[in-house]
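Here's a quick tour for anyone meeting this structure for the first time. Take a look at the sequence and the model, and then we'll walk through some of the details together.

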Amino acid sequence: MNTTMHPTQSIVIIKGLAIRAHVGVGAPERRAPQTVIVDAEIRLADPTITRDHMSASVNYAVVVRLIEETAIMEHAVLLETLAERIASHLLEDARVAEVTLTITKPRKLPNCEAVGIRRTFQREGTHYGNT
């Protein structure tokens with residue numbers, strides 16, 4: 001039996017990226033950068049990778065650098081705001097259709113491994129089912 005297949009989605013994953021960020025509700029929390037952990041899922045606009053070349057996908061190193069630079073340069077009160085700013089930069093790449101970011105603060109509260117947020121952003125005009 002010969003089965004024909006085609007990809008329905010391609011997602012670039014960055015997991016467990018520990019970065020320094022100026023983020024927090026109180027001024028003391030924002031004064032010095034603190035460690036946050038970022039997981040990113042970047043859904044490509046075109047799931048078909050028709051050639052084995054870096055230009056067909058998104059470069060992990062570029063994504064990591066963009067996340068690091070955004071986190072350290074753009075102060076935010078809320079993790080939600082930081083996620084929105086990171087997603088905005090990632091969605092500037094026409095190959096990116098959707099970005100899901102999970103940002104956590106490790107050991108922020110007693111008895112918690114981490115606290116944080118998860119947000120998904122889509123390029124205007126892109127609609128996917130709930131994932």
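Let's start with strand S3, which covers residues 96-106: 9 of its 11 residues are buried, so the strand is largely enclosed by the rest of the structure. Keep in mind as you read that this is a predicted model.

What does S3 pair with? On one side of the story there's strand S2 (residues 34-44), joined to S3 by 8 bridges, with the two strands running antiparallel. If you'd like a spot to find this pairing in the viewer, look for Ile37, whose bridge partner in S3 is Thr104. S3 also pairs with strand S4 (residues 114-122), again antiparallel, and here there are 9 bridges. A handy place to see that one is Thr100, which has Thr120 in S4 as its bridge partner.

Now hop over to Ser10, which sits in the segment before strand S1 (11-21). Is Ser10 buried or exposed? With a relative accessible area of 15%, Ser10 is buried, because buried here means under 20%. Setting aside residues up to four places away in sequence, Ser10 touches Ile42, Arg43, Leu44, Pro47 and Ile49.

**Charged pairs**

Side chains of opposite charge can pair when their charged atoms come close. How many salt bridges does this model have? The count comes to 5. Here are some of them, with the distance between the closest N and O atoms:

| Pair | Closest N and O atoms |
|---|---|
| Asp39 and Lys15 | 3.6 Å |
| Arg43 and Glu98 | 3.3 Å |
| Glu74 and Arg85 | 3.8 Å |

Take the pair of Asp39 and Lys15, with its 3.6 Å between the closest N and O atoms. Asp39 belongs to strand S2 and Lys15 to strand S1, so this salt bridge ties together parts that are 24 residues apart in sequence. As for how open these residues are, Asp39 is partly exposed at a relative accessible area of 23%, while Lys15 counts as exposed at 67%.

Next come Arg43 and Glu98, whose closest N and O atoms are 3.3 Å apart. This pair links distant parts of the chain, with Arg43 in strand S2 and Glu98 in strand S3, 55 residues apart. You've met Arg43 already, as one of the residues that Ser10 touches. Arg43 is buried, with a relative accessible area of 8%, and Glu98 counts as buried too, at 5% relative accessibility.

Then there's the salt bridge between Glu74 and Arg85, at 3.8 Å. Glu74 is in the loop between helix H2 (60-73) and helix H3 (79-90), and Arg85 is in H3 itself, so the pair ties together parts that are 11 residues apart in sequence. Glu74 is partly exposed, with a relative accessible area of 25%, and Arg85 is partly exposed as well, at 29%.

**A helix with a buried face**

H2 deserves a visit of its own. This helix has 14 residues and reaches 20 Å from its first C-alpha to its last, close to the 20 Å expected at 1.5 Å a residue. Which residues of H2 are buried? They are Val63, Ile67, Thr70 and Ala71. Looking down the axis of H2, you'd see its buried residues fall within an arc of 95°, so they line one face of the helix. That fits a general pattern: an α-helix has 3.6 residues a turn, so residues three or four places apart point the same way. And what covers the buried residues of H2? The cover includes S1, S2 and H3.

The N-terminal end of H2 has a cap, too: Asn59 places a side-chain oxygen 2.8 Å from the backbone nitrogen of Ala61.

**Two residues in a loop**

Last stop: the backbone. Most residues other than glycine have a negative phi. Arg107, however, has a positive phi near 50° and is not a glycine. Arg107 is found in the loop between S3 and S4, and it is exposed, with a relative accessible area of 69%. Asn111 also has a positive phi, about 65°, without being a glycine. Asn111 has its place in the loop between S3 and S4, and Asn111 is exposed, with a relative accessible area of 86%.

Technical notes. Residues are numbered from 1 along each chain as its sequence is written. This is a predicted model: local features need pLDDT of at least 70, side-chain atom pairs count only at pLDDT 80 or more; totals for chains, interfaces and linings use all residues. Side-chain values use heavy atoms; hydrogens and water are left out. Buried means under 20% relative accessible area, exposed over 50%, partly exposed in between (1.4 Å probe, protein chains only). Helices (H or I, at least four residues) and strands (E, at least two) are DSSP runs, numbered from the N terminus. Two strands pair if DSSP finds at least two bridges between them. Contact means heavy atoms within 4.5 Å. A salt bridge is a side-chain nitrogen of Lys or Arg within 4 Å of a carboxyl oxygen of Asp or Glu. The expected span of a helix is 1.5 Å times one less than its number of residues. The arc is that of the directions from the helix axis to the C-beta atoms. A polar contact is a pair of N or O atoms within 3.5 Å; within protein, one must be able to donate a hydrogen and the other to accept it, and residues adjacent in sequence count only if both atoms are side-chain atoms.
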